[in-house]
Amino acid sequence: MSNRKYYVDENSFDDIESEEVQYWVGFLMADGCITGNVLKLKLQHSDKKQVLKFKDFLKSEHIVKKVNEYNNHKTCSFDVYSKKLTDVLSNRYNIIPNKTKTAECPEELINSRHFWRGVIDGDGSVNFKNEKAFIGLWSGSIKLLKQFETFVKNNVKIRNKITKGHRCYCFRNHSQKAAPKIIKLLYKDS
């Protein structure tokens with residue numbers, strides 16, 4: 001019997017063949033954090049539904065907290081204490097502490113559209129405006145962006161260039177031939 005205060009399915013990430021596992025690994029690669037034995041997810045309060053979906057995926061009883069940050073900026077925070085989960089995420093999926101500049105797709109997920117959709121949902125943007133499409137991904141890790149660029153180039157004919165901004169790198173595509181194909185690749189039937 002566990003003396004755990006809140007239940008969580010510590011086997012949630014065991015089935016790497018699961019599209020849902022691949023998606024959440026990608027999402028955590030973008031927006032998750034591990035500190036010690038704690039898995040943390042903190043998003044804008046307006047994205048609370050996404051945090052609740054993740055909580056459901058983990059079958060967790062942990063509480064999602066509303067936090068008021070500086071300038072009355074509201075966030076929702078979800079922390080799960082689990083050595084097993086944090087070990088699996090860091091050792092198998094490269095979700096490690098301080099990964100901002102070193103994030104790297106696990107080799108076995110390099111060709112997973114579900115993983116990359118999770119990364120885009122975490123740190124990217126997809127827009128359709130006036131019948132024009134745009135997709136972008138921002139990261140402190142040039143390696144992660146190059147892996148994404150390779151994934152896209154293996155599936156869609158593009159000429160793309162990763163650019164360096166003030167605080168991060170950026171992959172952007174607004175080609176009206178390529179951007180819709182990239183978006184369809186990632187989001188079709190998902």
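Of the 54 residues that make up the largest nonpolar core, Phe13, Phe54, Leu58, Tyr93, Trp116 and Phe148 touch the most other members. Helix 1 supplies the largest share of this core, namely 8 residues. The structure being described here is a predicted model, and the paragraphs below go through its sheets and helices in turn.

We can begin with the sheet that includes strand 1. This is an open sheet of 4 strands, arranged in the order 1-2-4-3 and paired in the antiparallel sense. Strand 1 and strand 3, the latter covering residues 64–68, are the edge strands, and each of them pairs on one side only. If direction is ignored, neighbouring strands of this sheet are turned by 30° against each other on average. Inside the sheet, strand 2 and strand 4 are joined in the antiparallel sense over 7 bridges, and a reader who wants to find this pairing in the model can look for Gln44, which stands opposite Thr75 in strand 4. Helix 2, made of residues 48–57, lies across strand 2, strand 3 and strand 4, and it runs at about 155° to strand 2.

Helix 3 belongs to the surroundings of these strands as well. In this helix, which spans residues 83–93, the residues Leu85, Thr86, Val88, Leu89, Ser90 and Tyr93 are buried. What do the buried residues of helix 3 pack against? Their partners are helix 1 (19–31), strand 1 (32–35), strand 2 (38–44) and strand 4 (74–81). When reading such a list of buried positions, it helps to keep in mind that an α-helix has 3.6 residues a turn, so residues three or four places apart point the same way. Tyr93 of helix 3 is buried, and Tyr93 is also among the residues that touch the most other members of the largest nonpolar core.

Thr86, which is found in helix 3, deserves a closer look. Is Thr86 buried or exposed? Thr86 counts as buried because its relative accessible area is 2%, whereas the cut-off for a buried residue is under 20%. Leaving aside residues up to four places away in sequence, Thr86 touches Ile34, Gly36, Asn37, Val38 and Leu39. Just after helix 3 comes Asn94, which takes a positive phi of about 65°.

Next comes the packing of one helix on another. Two packed helices are described by the angle between their axes and the distance between the axes. Helix 1 and helix 4, the latter formed by residues 113–123, pack at an angle of about 35°, and their axes are 6 Å apart. The crossing of helix 1 and helix 4 is right-handed. Among the residues making this contact are Tyr23, Val25, Gly26 and Phe27 of helix 1, together with Phe115, Gly118, Val119 and Gly122 of helix 4. Taken as a whole, the residues of the contact of helix 1 with helix 4 divide into 7 nonpolar, 5 polar and 5 charged.

The other sheet to follow is again an open sheet of 4 strands, with the order 5-6-8-7 and antiparallel pairing. Strand 5 and strand 7 stand at its edges, and each has a single partner strand, so one side of each is left without a neighbour in the sheet. Strand 5 (residues 124–129) pairs with strand 6 in the antiparallel sense over 6 bridges, and within this pairing Ser125 stands opposite Gly136 in strand 6, while Gly124 has Leu137 of strand 6 as its bridge partner. The hairpin of strand 5 and strand 6 has 2 residues between the strands, and in it Asn130 takes a positive phi near 50°.

Moving across the sheet, strand 6 (residues 132–139) pairs with strand 8 (residues 169–173) in the antiparallel sense over 5 bridges, and here Ile135 stands opposite Asn173 in strand 8. Strand 7, residues 163–164, pairs with strand 8 in the antiparallel sense over 2 bridges, with Lys164 standing opposite Tyr169 in strand 8. A hairpin of 4 residues joins strand 7 to strand 8.

Two helices accompany this sheet. Helix 5 (residues 142–155) packs on the sheet and touches strand 6 and strand 8, its direction making about 20° with that of strand 8. Helix 6 (residues 178–187) lies across strand 5, strand 6 and strand 8, and runs at about 65° to strand 6. Phe148 brings us back to the core: apart from residues up to four places away in sequence, it touches Trp116, Ile120, Leu137, Phe171 and Leu186.

How values were computed:
Residues are numbered from 1 along each chain as its sequence is written. This is a predicted model: local features need pLDDT of at least 70, side-chain atom pairs count only at pLDDT 80 or more; totals for chains, interfaces and linings use all residues. Side-chain values use heavy atoms; hydrogens and water are left out. Two strands pair if DSSP finds at least two bridges between them. Buried means under 20% relative accessible area, exposed over 50%, partly exposed in between (1.4 Å probe, protein chains only). Contact means heavy atoms within 4.5 Å. A nonpolar core is a set of buried Ala, Val, Leu, Ile, Met, Phe, Trp, Tyr and Cys residues joined through side-chain atoms within 4.5 Å. Axes are lines fitted to C-alpha atoms, for helices over the stretch in contact, and angles run from 0 to 180 degrees between N-to-C directions. A crossing is left-handed if the near helix is turned anticlockwise from the far one by less than a right angle, and right-handed if clockwise. Ala, Val, Leu, Ile, Met, Phe, Trp, Tyr, Cys and Pro count as nonpolar, Asp, Glu, Lys and Arg as charged, and the others, Gly among them, as polar.
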